[in-house]
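I set out to record what I looked up about the interior of this protein. The entries are kept in the order in which I made them.

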Amino acid sequence: MKKTTTFILLLFCLTTFAQEKKFDFGFSVFPNFSLGVISNNGGFSPGEEAYKKMETWKPSISGNIFVSYNLNEKSILGIGLGYQNNGERTHKMDLVFGNYPYTIPDPSLPTHGKFVYNHHNIEIPIFYQRMIGNRFYAIAGTSIILNISNTVTSHKYFANGSESISTSEDESTNFRRFNFTGNIGFGLNYLNKEKVKLFVHPYLQLGVLGISKSAVFNRNILSFGISTGIKF
């Protein structure tokens, strides 16, 4: 009888734990557009405007795995680990001035060019999620950013219609190795089953510190896109 009672109590505890699931695991991907929001640390103002006209949004992507803890039916805390890519790119620019295209430039030199700047980071997101009803939610938090590499891809266009592409390490400034972002989003669990959830939410990230330790025209990276993933 004693063994039977113990078994029933153990079964009851396991059942209760299963019904009150506290932890969820999952992964998410974040396709987005990113741009370096320029801040002027005392430089020549027309130079700042020139950079703003020259640069534009860059397609980027990030992704992470995460674990979340259900505080109660409405409140969730989580932490993750993943890869983050962001940066900016320039418009296609003239590299030959004067009378071109009415004169023939040196065919060994490009006539136009554009540059894509990529920052490769390890991201550790920490977030709070608040449910709004059964499916909708708001999410906010911060990400710890560890910069591991910076590259620039050059696209060079020639008068004969050919193009060359090359990628090299970006050594244009003293990049900050540690940073953090502010994050916010609003979303939907569009599949909301007991054992699995599929979610999607518009999501915004903004770097709190500039990516450079010393640049006169610094950049705080802004990323905006759609985050989607699975939780189980």
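The entries below concern a predicted model and cover its core, one residue of interest and its cavities.

**Entry 1: nonpolar core**

I first looked up which residues form the largest nonpolar core. I found nine residues: Phe-30, Phe-66, Ile-76, Phe-127, Met-131, Tyr-137, Ile-139, Phe-199 and Tyr-203. I then noted the elements that give two or more residues to this core, namely strand S6 (112-132), strand S7 (136-157) and strand S10 (197-207). For background, I recall that nonpolar side chains tend to be buried together in soluble globular proteins.

**Entry 2: Ile-139**

I next took Ile-139, a member of that core, and listed its contacts, leaving out residues up to four places away in sequence. Ile-139 touches Phe-127, Tyr-128 and Gln-129, then Asn-183, Ile-184 and Gly-185, and finally His-201 and Tyr-203. Of these partners, Phe-127 and Tyr-203 are also listed in the core.

**Entry 3: Thr-181**

I asked myself whether Thr-181 is buried or exposed. Its relative accessible area is 8%, which is under the 20% limit, so I entered Thr-181 as buried. I placed Thr-181 in strand S9, which covers residues 178-192. The side chain of Thr-181 makes a polar contact of 2.8 Å with the side chain of Asn-183. Leaving out residues up to four places away in sequence, I found that Thr-181 touches Gly-141, Thr-142, Ser-143, Ile-145, Gln-205, Leu-206, Gly-207 and Val-208.

**Entry 4: largest cavity**

I then searched the whole structure for cavities of 30 Å³ or more and obtained three. The largest cavity holds about 280 Å³ of space. Its lining has 23 residues, and those nearest its centre are Ser-28, Asn-64, Ile-139, His-201 and Ser-227. Ile-139 thus appears here as well as in the core. At least two lining residues come from each of strand S1 (23-40), strand S3 (58-70), S6, S7, S10 and strand S11 (217-231). I counted the lining as 10 nonpolar, 11 polar and two charged residues.

**Entry 5: second largest cavity**

I recorded a volume of about 190 Å³ for the second largest cavity. It is lined by 20 residues, and Asn-86, Asn-121, Ile-145, Asn-179 and Ile-211 are the closest to its centre. I note that Ile-145 also touches Thr-181. Strand S4 (75-90), S6, S7, S9, S10 and S11 each supply at least two residues of this lining. The lining comprises seven nonpolar, 11 polar and two charged residues.

Terms used:
Residues are numbered from 1 along each chain as its sequence is written. This is a predicted model: local features need pLDDT of at least 70, side-chain atom pairs count only at pLDDT 80 or more; totals for chains, interfaces and linings use all residues. Side-chain values use heavy atoms; hydrogens and water are left out. A nonpolar core is a set of buried Ala, Val, Leu, Ile, Met, Phe, Trp, Tyr and Cys residues joined through side-chain atoms within 4.5 Å. Buried means under 20% relative accessible area, exposed over 50%, partly exposed in between (1.4 Å probe, protein chains only). Helices (H or I, at least four residues) and strands (E, at least two) are DSSP runs, numbered from the N terminus. Contact means heavy atoms within 4.5 Å. A polar contact is a pair of N or O atoms within 3.5 Å; within protein, one must be able to donate a hydrogen and the other to accept it, and residues adjacent in sequence count only if both atoms are side-chain atoms. On a 1 Å grid over the protein atoms alone, a cavity is a set of points where a 1.4 Å probe fits but cannot get out, and a pocket is an open set with protein on both sides within 12 Å along at least five of seven lines; lining residues have an atom within 4 Å of a point. Grid points are joined across faces, edges and corners, and a volume is the space filled by probe spheres set on the points. Ala, Val, Leu, Ile, Met, Phe, Trp, Tyr, Cys and Pro count as nonpolar, Asp, Glu, Lys and Arg as charged, and the others, Gly among them, as polar.
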